[in-house]
Amino acid sequence: MALSVNLAQINSAAKGNSDLRETLTGMHLALQSLYAQTGTTPLSKIDAVAAGFTAPPAPSQLAVTGANGSFTVSITTPQNASGAKAPSNATNAPIYQELSSSPVANFVSGVITYPVSTNTSYVFPNPGVTLYWRLRSSYNQQNWSSYIAQPGAVSSGLVSSAASGSNLSLNQSNYATVDSVANGSTATVRVYGLGGVGTSWTSILGNSSKVIASGTIMNVAYSTNGFVVWDGQKYQLKPQLAQTFPDTWVPVGKVSVIANSSGLVLPVIHAVVTGGAIVAYQIINPGNGLTAAPTLTITDSSGTGATATAVVAAGAVTQVTPGSAGSGYSGTPTVTASGGVSGGVAGGGGATGSNGGRLYADV
Amino acid sequence: MYSLHHQYLDMASGFHVIELRDERGNRHLIQLAVGHDSCPACGAVHPKDNLDNLDPAAAVAQINEALNTSQRQMLNYAGKHRLTVR
């Protein structure tokens, strides 16, 4: 306002009063100098009408899920909500959403506020993190609704190998074969490359690769599943492999070490027939080296329908439980046992899981 | 030809580790399991009960012979066709 007063106005106002004129002129010049030095301009009176209050929209609905190392956020706006809240925002006005997360439920620390947007779906890659989520909405980004929160914390989980392609920076491929062979009373697990037993194999991690020596692991007990890893110096054979293990370990493969056919003796079982039906079973030889109940198949020239189940303990059949007795059997039906080995087939150890070039996490 | 390079007992894993090497630096590991995998309850590696029956020297001889037999066959092939061996 001061600059709107010029010297002519001062002279007119102070007409006949030189002291007043000099005082006002001095003030005017001083202000002019001050404005010139600071680059400021005098305030202007504002007579604009105050903006009206825009009420925030009804709360949107928030759903956050975590999987494969990412958070997936889905927001349902009031106009799209079903149930008691609908319909709201009948004009379908754009609704701005402000999403935020925190590692603590009360959002007093570590709060991340994501850019305001009218989007209703997001995917945030953030592996191995557990977060709480909340949302507030606005029509004008000035007046916001109260926060609504996703119930409970959400974990993004770890990225599975199936979710990524081969040989990405964190993915691992290998070209090893892991198998086992019978070696008397114990098994021998072999790790080798494409050239066959005794040849090295290549492990690829991201864009780098290394050649790893072949190996022979001896004196391994039968009937054990083994996960083979390379620890940088030697192979480890673990009955279970933790979800997380040292970075220097290289997953190699999974192998089932089962008894070979020479150690496996299938049971010999006879059926007892009365009136054309099989009423009991006689164990002639309980067998040996069984690691699972063998399948019993009953054949006969005339009879049909009989079933039975073998019970195995300590590697041998201890009991045969009759099922259906069947009918029309002659005096000499044949009971044939087959299988009897868990984790694979009889006739020597063999890999149950091929190491198909993916990270171990899929096993 | 492969021959014994070095060997040691790894108490943490329960393996008698035997490393064979040939003159070109190729390696092959023989690992004799002399202990069970660490006990989930106490974390210790317990010895297997057949240690008296294990014959590491025989295992080395057996594997060595298998490896060298294949290598001899390949070298014979290379010699027959006058190939450079790398």
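This is a short walk through a two-chain model, beginning with chain B and ending with the sheets of chain A.

Okay, hi everyone. One thing up front: what you're looking at is a predicted model.

Let's start with chain B. It has one helix and three strands, and if you walk along from the N terminus you meet them as β-β-β-α. Chain B has 86 residues, and 21% of them count as buried. As for contacts inside chain B between residues at least 6 apart in sequence, 31% of those join residues at least 24 apart.

Now the helix, α1 of chain B, residues 56-80. Does its length add up, or what should we expect it to be? Well, take 1.5 Å a residue: the 25 residues should span 36 Å, and the end C-alpha atoms sit 35 Å apart, so that agrees. Just after the helix comes Arg82(B), with a positive phi near 55 degrees.

Which residues of α1(B) are buried? Ala59(B), Ile63(B) and Leu67(B). Here's a bit of background for that: an α-helix has 3.6 residues a turn, so residues three or four places apart point the same way. And what covers those buried helix residues? The cover includes β2 (15-21) and β3 of chain B, together with β14 of chain A. That last one takes us across to the other chain.

So, the interface. On one side we have 15 residues of chain A, in contact with 20 residues of chain B. On the chain A side, the elements that give two or more residues are β14 (214-220) and β16 (235-238). The largest share comes from β14(A), with seven residues. If you sort the chain A side by type, you get six nonpolar, seven polar and two charged residues.

How do the strands meet there? β14(A) runs parallel to β3 of chain B, residues 27-33, and five bridges join them. To put your finger on one spot, find Thr216(A): its bridge partner in β3(B) is Ile30(B).

While we're on β3 of chain B, have a look at Arg27(B), which sits in that strand. Is it buried or exposed? Somewhere in between: it has 16 C-beta neighbours inside 10 Å, so it counts as partly exposed. Leaving aside neighbours within four places in sequence, Arg27(B) is in contact with Glu19(B), Leu20(B) and Arg21(B), and also with Ala213(A). Then there's Tyr2(B), which is 25 residues from Arg27(B) in sequence and 8.2 Å from it in space, C-alpha to C-alpha.

Next, the cores. The largest nonpolar core has 34 residues, and the ones touching the most other members are Val189(A), Val228(A), Val252(A) and Ile30(B). Ile30(B) is also the bridge partner of Thr216(A) we just looked at. From chain A, β11 (186-192), β14, β15 (224-230), β16 and β17 (250-257) each supply at least two residues of this core, and so do β2, β3 and α1 of chain B. Apart from it lies another core of 17 residues, including Ile269(A), Ala271(A), Val273(A) and Ala308(A).

Last part: two sheets in chain A. One is an open sheet of four strands, antiparallel, in the order β19-β18-β23-β20. Its edge strands are β19 (277-285) and β20 (294-299), each pairing on one side only. The twist there averages 30 degrees from one strand to the next. Zooming in, six bridges join β20(A) to β23 (residues 334-339), running antiparallel, and Pro294(A) stands opposite Gly339(A).

In the loop between β17 and β18 (268-274) you'll find Val265(A). With 18 C-beta neighbours inside 10 Å, Val265(A) counts as partly exposed. Setting aside residues up to four places away in sequence, Val265(A) touches Gly287(A), Asn288(A) and Gly289(A). Asn288(A) is 23 residues from Val265(A) in sequence, yet their C-alpha atoms are 4.7 Å apart.

The other sheet is open too: three strands in the order β1-β2-β5, again antiparallel. Why does one side of β1 (61-67) and of β5 (121-125) have no neighbour in the sheet? Because they stand at the edges, each with a single partner strand. The average twist in this sheet is 15 degrees from one strand to the next. β2 (residues 70-76) pairs with β5(A) over five bridges, and Ser74(A) has Ser121(A) as its bridge partner.

That's the tour, thanks!

Conventions: Residues are numbered from 1 along each chain as its sequence is written. Chains are lettered from A and ligands numbered from 1 in the order in which they are written. This is a predicted model: local features need pLDDT of at least 70, side-chain atom pairs count only at pLDDT 80 or more; totals for chains, interfaces and linings use all residues. Two residues are in contact if their C-beta atoms, placed from the backbone, lie within 7 Å. Ala, Val, Leu, Ile, Met, Phe, Trp, Tyr, Cys and Pro count as nonpolar, Asp, Glu, Lys and Arg as charged, and the others, Gly among them, as polar. Two strands pair if DSSP finds at least two bridges between them. The expected span of a helix is 1.5 Å times one less than its number of residues. A residue is buried if 20 or more other C-beta atoms lie within 10 Å of its own, exposed if 12 or fewer, and partly exposed in between; C-beta atoms are placed from the backbone. A nonpolar core is a set of buried Ala, Val, Leu, Ile, Met, Phe, Trp, Tyr and Cys residues joined through C-beta atoms within 7 Å. Axes are lines fitted to C-alpha atoms, for helices over the stretch in contact, and angles run from 0 to 180 degrees between N-to-C directions.
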